[in-house]
Amino acid sequence: MDPMERAAKVLGSSPGHKNMMGCSSSGVKVEPEIDGLLANAGYTVKASDLAHVAQRLEQLESIMGAVQDPGTSHLASEAVHYNPSDLAGWIESMFGELNPGVDMAVPFGDRGSLIDSSQVHKPIQDDPSLSAMDLALIQEYGLQFNGSQASNPQCFSPDSDPSVRCNIFSGLPLRSGDSSTHTNFQAQSFSAQSSDEGSSHSSTRLGTAQQRLDNGAQESGIRVVHLLIGCAEAIQRNDLKVASDLVREIRMTVNSAPCGAMGKVASHFVEALARRICGLNGAESIMSQADAQSEILYHHFYEVCPYLKFAHFTANQAILEAFEGHGSVHVIDLNLMHGLQWPALIQALALRPGGPPLLRLTGIGPRQPDGRDVLQEIGMKLAQFAESVNVEFDFRGVMADKMEDIKPWMFQVKPGEVIAVNSVLQLHRLLYIDAPTGSSPIDVVLKSIGSLRPKIVTVVEHEANHNGPVFLDRFVEALHYYSTMFDSLEACNVLPNSMEKLLAELYIQKEICNIVACEGRYRIERHETLSHWRVRLGRAGFRASHLGSNAFKQARMLLTLFSGDGYTVEENNGSLTLGWHSRPLIAASAWQGF
């Protein structure tokens, strides 16, 4: 592979991209802009440094290729380095291990002319793989959310096996009482048996270097966890001076040392802690569902990982079974978003023996800042799809800024129709206490739902406890939960540093920020476990309905089609959970009305 391809692999793009460095097609210098784009996408490498990195990679390949060792030669041809900020130092350490006699004192200002740096990468805006929504997000927000730039992930060690994850919680007490664990970290060493003494010696050196790198990442990751918890403890006792000092130390540790998978998680949590210390935790920290930014992040979270797909498929199967034998059915979706859930249900109803029923869909959503009627736009698309599969379909959109403002009469329920109410990751946003009234919006909404006498209510929520009264307990639980979720994202079928994955991670980052930085009515990510929801829904008059074997089979099939190894579906007293190894992350349940 030539150096230009090497540099392209560093950035996760094809080597034919042009106009990255130097001048744009209009003759205007764009290098500073590209540096900014690289930083926003998670890279700390400078555009001017790529030629030198590519040259050093080729020299390293020459040395490693000369070893002729089957245990190490694949590293020279197939290694993809996910963190350019650590790449240069890693290359130099490999040179030191493989060839101590090589002079490494190459000044960074003295670059080789091995490749034309203007052909290494193209601007992100010219990438044909990005959709119009992606480009709009980049241009409109510059990947800056709520006034703070997205932090640069520092999570991957060079050549790490993506199937191996670092369990930074091994040996740490979980204050929230959760005994789940991540997959254990296993240090990777590259050594191979060889009859050639020189090859064996070089292989041993390389294995030692890799072992040292992995051990260093694990140690740094554990140190970062302790620093994060120490910072949260300082905030708990209102010692903001110590907390601020720890924030600076955490940032320095994450940026200067390889922290493994924990580095990316730590970068999100430390920024949330910083926002809490500085008081940036008001309405701007709420992930509104009414703006284009949230829609884009939601869409990419749906596409990248299986959690929302699991939610939609499981709920649809339960609704389909509840509608069996009925000729007029009505689905009320508490948050329509893009309407991604409903084409599959419409298709399933179209194939129902005896013909499809009359389907009414009521979608609830917030008012848009620009005044667009997004609900009707989505409804028209769904109506066109329903017509194409011969399903009689009627859509109604209900706009409301707060769900508790919705009244049952707004749904215009007709006599004789069977009702299903669907809630995907919504009810937890209603658990805060309204100061003027002293009541919680969840009670109002559950009462309204019960008055409709639905045949089924499908509820999907995070399997986590982020609604406790003690900040430190919530913080530790969230740190454990989202570390597991970020681990699981690495098994998804998506390129490690693709824009799609970055935007999906930013969706999760917004949740972390709200949990850690906010309090009172501004803290809306108040996740509760399935056991809590059983008590709460039972108290409101709902009876649990068993999700059948078909839902379980659908979920297992979904994971086979869309996700890598490590995801697990488990049955839990009639409900289903989707998790990463031994830790459940999302829970789906079904309920019957009064």
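## Close-up views of a predicted model

Arg223 has a relative accessibility of 40%, so this residue counts as partly exposed. Keep in mind as you browse the views below that the model is predicted.

**View 1. A salt bridge joins Glu249 and Arg223.** Here the side chains of Glu249 and Arg223 meet, with 2.3 Å from N to O. Where do the two residues of this pair sit in the chain? Glu249 belongs to helix H8 (residues 240-256) and Arg223 to helix H7 (residues 197-236), so the bridge links distant parts of the chain, 26 residues apart. Glu249 has a relative accessible area of 29% and is partly exposed, as is Arg223 at 40%. Both values lie between the 20% limit for buried and the 50% limit for exposed, which is why the label "partly exposed" applies. As a reminder of the chemistry, side chains of opposite charge can pair when their charged atoms come close. A search of the whole structure turns up 17 salt bridges, and the next two views show further examples.

**View 2. Glu505 and Lys501 form a salt bridge within helix H16.** The distance from N to O in this pair is 2.5 Å. Glu505 and Lys501 are four residues apart in helix H16 (residues 499-517), so about one helical turn separates them. Are these two partners buried or exposed? Glu505 has a relative accessibility of 3% and counts as buried, and Lys501, at 2%, is buried too. Both fall under the 20% cut-off, which is why they are called buried. The view also takes in a network: salt bridges with shared partners join Lys501 and Glu505 to Lys264 and Glu490.

**View 3. Arg536 pairs with Glu528.** The closest N and O atoms of this salt bridge lie 3.1 Å apart. Arg536 is buried, and Glu528 is buried as well.

**View 4. Helices H9 and H16 cross at roughly 40°.** Two packed helices are described by the angle between their axes and the distance between the axes. For helix H9 (residues 262-278) and H16, the axes come within 9 Å. An angle of roughly 40° falls outside the ranges for roughly parallel, roughly perpendicular and roughly antiparallel, so the two helices are oblique to each other. What is the handedness of the crossing of H9 and H16? The crossing is right-handed. Look along H9 for Val265, which is buried, with a relative accessible area of 2%. Val265 and Ser483 are 218 residues apart in sequence, yet their C-alpha atoms are 6.2 Å apart in space.

**View 5. Helices H11 and H18 cross at roughly 150°.** The axes of helix H11 (residues 307-322) and H18 come within 9 Å. Because angles over 145 degrees count as roughly antiparallel, H11 and H18 are roughly antiparallel to each other. H11 passes H18 in a right-handed crossing.

**View 6. Met557, Leu561 and Phe562 make a nonpolar surface patch.** The patch has an area of about 300 Å². One of its members, Met557, sits in helix H18 (residues 549-562). With a relative accessibility of 42%, Met557 counts as partly exposed.

**View 7. Phe471 and Val516 lie 8.0 Å apart, C-alpha to C-alpha.** Along the sequence, 45 residues separate Phe471 from Val516. Phe471 is part of helix H15 (residues 471-489). Its relative accessibility of 6% is under 20%, so Phe471 counts as buried.

**View 8. Arg453 and His581 have positive phi values.** Neither residue is a glycine, so a look at the two loops is worthwhile for anyone who enjoys backbone geometry. For Arg453, phi is near 50°. Where is Arg453 found? This residue lies in the loop between helix H14 (441-451) and strand S7 (456-462). Arg453 has a relative accessibility of 58%, over the 50% cut-off, so it counts as exposed. For His581, phi is near 55°. His581 lies in the loop between strand S10 (575-580) and strand S11 (583-592). With a relative accessible area of 34%, His581 is partly exposed.

Conventions. Residues numbered from 1 in each chain as written. Predicted model: local features only at pLDDT ≥ 70, side-chain atom pairs only at ≥ 80, totals over all residues. Heavy atoms only, no water. Salt bridge = Lys/Arg side-chain N within 4 Å of Asp/Glu carboxyl O. Buried < 20%, exposed > 50% of the residue type's maximum accessible area, 1.4 Å probe, protein only. Patch = residues over 30% accessible without salt bridge, like charges linked within 9 Å, V, L, I, M, F, W, Y side chains within 5 Å. Areas by Shrake-Rupley, 256 points an atom, 1.4 Å probe, with all protein chains shown as cover. Axes fitted to C-alpha atoms, helices over the stretch in contact; angles between N-to-C directions. Parallel < 35°, antiparallel > 145°, perpendicular 65-115°, else oblique. Left-handed = near helix turned anticlockwise from the far one by under 90°.
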